[in-house]
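Biologist: I'd like to go through this one and hear the reasoning behind each label. Can you put it up for me?

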Amino acid sequence: MAALIVRSILSRQMMLRAKISRDLTCLPKHQITPVFIQQQHRLHLHDYLRSEASESSGKWVKDSSRRRDLRAESYDDERQTLLEAKQNPDVFGTLSPSVEEPAELDEGDVEEENFLQNKPARSQKLRTHQYADLIKGHLRNQQIREAIDVLEVRMKEDRVKPVNYLFNLVIGGCARVGYSKKAFQLYNKMKQHGLKVTGGTYTSLFNACANSPFLGDGLEKVNRLREIMIEKGYEPNESNYNAMIKAYGRCGDLKTAFQLVDQMIAKKLSVGTDTFNFLLQACISDTEFGFRHALLVWHKMHRMKSLPDIYSFNLLLRCVRDCGMGDLETTEQVIEQILYSSEGAPALLKNSEQKMIESGDNEQEKEIELIPSNNLYASEGVPNLLSRKPHLGSLVRLSEVKKPEDRLLLLGGTSSILQEMEQLKIRPEIKTMTELLDVVPSTHVAEKQVLTTIRKLGIKCDIDFFNILIKKRSMRFDYEGAREVLTMIQTARLEPDIVTYGVLALGCRTEADAKILLKEMKDAEIRINIQILGAMLRQGTATQNFRYVTEILDIVKSQRLKPNEPFLQHLDKFNQKCEKMANAYAKNPRKPGKEEFALEHNRYKLKLDSWMDFMGLKGLTMDAARGVVREHPWDQYKQPQADGYEETKNPKLRHRKKKQHSIRKIKVEELGDGEREEDIKRIE
């Protein structure tokens with residue numbers, strides 16, 4: 001029995017060797033090597049063992065014969081080699097189960113395949129300065145999204161590793177527009193690439209926080225970035241400190257801003273005019289106490305021998321317009337300190353900033369009498385807290401200082417400010433005179449004085465100055481005087497802009513006035529916007545003119561404009577006013593005008609419902625509707641520039657100042673000197 005088994009095995013081996021030799025005759029000679037022969041022997045031996053294990057199954061015999069037929073056909077038709085036939089799953093199958101290809105490929109696999117196969121040509125890659133020029137060109141044209149794509153998309157496709165200089169360029173561009181979220185994302189990517197973070201990077205990040213539209217988020221990022229600098233042992237330079245002061249000041253943390261100045265003095269860093277200008281910006285952010293903060297900053301600038309510049313005066317005038325003095329008792333102490341320190345007393349203003357910041361508004365306002373320490377100053381009459389030797393003149397009650405023109409009087413008035421600038425050899429610019437016009441008393445006499453000063457100094461005016469003049473006259477209901485400014489604009493050889501028509505819209509009291517203004521805009525080829533219509537709506541709701549309000553709604557609908565928050569806010573206040581009037585008429589049915597009001601009110605409600613439906617706001621409360629129309633300030637930087645945009649052929653033109661012309665042809669002496677009695681009654 002054993003001999004029979006041995007003979008069977010030997011015969012099988014001989015048949016196997018004969019089969020291998022037949023297969024080898026089909027191959028070229030250069031492919032037949034000893035290693036190849038051993039591989040073929042193992043393959044045939046494997047088939048032999050599988051066939052021996054399956055002889056008992058008739059099905060396997062059928063399938064095996066069918067597969068051999070397929071293999072024979074493939075030999076005849078495609079003339080495949082034995083090795084190719086062995087690797088063909090249709091002939092012998094595979095050891096693992098067949099897996100179907102997915103209908104949709106994975107995005108990551110596709111991206112990896114494209115990255116491996118689509119290698120960029122050498123001509124496609126640019127040098128560092130060329131990428132920098134692309135980024136600078138986009139930033140000059142306010143194309144933030146395109147500048148970011150150069151760094152994150154273009155350079156990635158070109159297989160070029162960015163350097164910290166390019167990161168700093170894009171971070172700086174995001175910082176200038178307040179896109180702080182993206183600036184910090186790029187900062188994190190910069191660290192992931194192992195690039196060096198320089199002082200300029202920190203300065204740009206602090207500027208991004210300072211310009212951020214979200215003060216809370218900006219302050220949080222400033223604190224975190226400052227902690228990172230301390231953890232890394234980075235010693236801030238003067239630029240970093242100035243940027244930190246600017247960021248903390250604009251975000252409302254004045255205490256930290258003043259503490260940073262103390263740190264600069266302790267580290268013997270230069271505290272110059274720029275630093276004090278950033279402190280003045282910080283004062284502007286505090287609308288309740290900012291004016292007295294500004295007085296302290298101004299006199300500390302004098303004591304540290306830092307001369308104010310034109311920006312210092314502009315910022316001080318902005319403080320006069322926007323900021324108050326806070327509680328009178330603390331303001332009295334601050335003014336006393338300023339008076340005594342200016343006269344050479346040993347008391348300095350050390351820690352006075354922190355004292356005045358920590359003082360709250362818990363104390364009630366009361367009349368406080370301030371008696372100047374020197375009788376000579378009291379005899380001068382007009383107070384002057386601006387000069388190096390400040391005095392209060394004949395002022396005895398600070399409680400009377402409430403309006404911007406009153407705070408301007410504390411600084412000595414217009415003449416004192418111009419005299420101080422002359423002593424410092426600073427020439428006023430049109431922006432200075434525009435700020436000054438915004439804080440002088442709202443009278444024709446004061447406006448004529450400003451215009452006369454401009455003519456005397458030979459300052460050229462721009463359209464912004466006249467826009468402020470129109471606004472002041474419209475706000476005091478002098479609409480005819482506001483229209484007269486258009487003649488001044490024409491005489492000064494300037495052209496009205498969109499802001500000009502926006503402030504003129506404040507004087508459109510009726511539908512007829514609005515139609516006249518809209519026709520003028522159409523003739524000037526200026527497209528109306530929602531801000532101008534909002535100003536008209538404000539007038540219509542103030543006068544309770546239902547037909548005027550519905551006309552504005554029709555214009556918004558026909559022009560397919562998107563309403564903004566102020567527009568809906570005007571509608572909300574008008575609806576609340578109408579509800580109160582309806583309730584009043586319900587309580588007193590005999591009150592005259594009830595039927596007329598009910599008729600107009602019902603028509604308005606039907607019109608408003610139809611308008612809300614057209615705008616996609618039907619069924620929403622006004623608060624919910626304001627949330628729908630509210631636009632995120634960063635959405636504009638997430639989208640590429642619109643199609644059809646043409647780059648400026650000469651980028652330097654973008655930095656050119658607005659058109660300015662002399663006003664010598666304007667006859668200031670012939671302008672009106674007084675207001676009409678009707679307007680004075682409205683102001684009172």
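Modeller: Here's a spot to begin with, in what is a predicted model: R224 and E227 both sit in helix 12 (residues 215–231), 3 residues apart, which is about one turn of the helix.

Biologist: What makes R224 and E227 a salt bridge?

Modeller: Their side chains meet at 3.3 Å, N to O. The cut-off for a Lys or Arg nitrogen and an Asp or Glu carboxyl oxygen is within 4 Å, so the pair qualifies. As for the spacing, an α-helix has 3.6 residues a turn, so residues three or four places apart point the same way.

Biologist: Why is R224 called partly exposed?

Modeller: Its relative accessible area is 43%. Buried means under 20% and exposed means over 50%, so R224 falls in between. E227, with 42%, is partly exposed too.

Biologist: How do you know that E520 forms a salt bridge with R483?

Modeller: The closest N and O atoms are 2.5 Å apart, and the limit is 4 Å, so it counts. E520 lies in helix 28 (residues 511–523) and R483 in helix 26 (residues 479–491), so this pair ties together parts that are 37 residues apart in sequence. E520 has 24% relative accessibility, and that's over the 20% limit for buried, so it counts as partly exposed.

Biologist: And what makes K562 and E631 a salt bridge?

Modeller: The N to O distance there is 3.7 Å, which is within 4 Å, so they pass. K562 is in the loop between helix 30 (546–558) and helix 31 (565–587), while E631 is in the loop between helix 33 (622–629) and helix 34 (677–683), so the bridge ties together parts 69 residues apart in sequence.

Biologist: Why is E631 called exposed, whereas K562 is called partly exposed?

Modeller: E631 has a relative accessible area of 59%, so it clears the 50% mark. K562 has 45%, so it stays in the middle class. The structure holds 24 salt bridges, and R145, D149, E152, K182 and K189 are linked in a network of them.

Biologist: What makes helix 23 largely enclosed by the rest of the structure?

Modeller: 9 of the 10 residues of helix 23 (residues 430–439) are buried, so the label follows. Among them are I430, M433 and L437. The buried residues pack against several helices, including helix 17 (310–322) and helix 24 (444–457).

How values were computed: Residues numbered from 1 in each chain as written. Predicted model: local features only at pLDDT ≥ 70, side-chain atom pairs only at ≥ 80, totals over all residues. Heavy atoms only, no water. Buried < 20%, exposed > 50% of the residue type's maximum accessible area, 1.4 Å probe, protein only. Helix = DSSP H or I, 4+ residues; strand = E, 2+ residues; numbered from the N terminus. Contact = heavy atoms within 4.5 Å.
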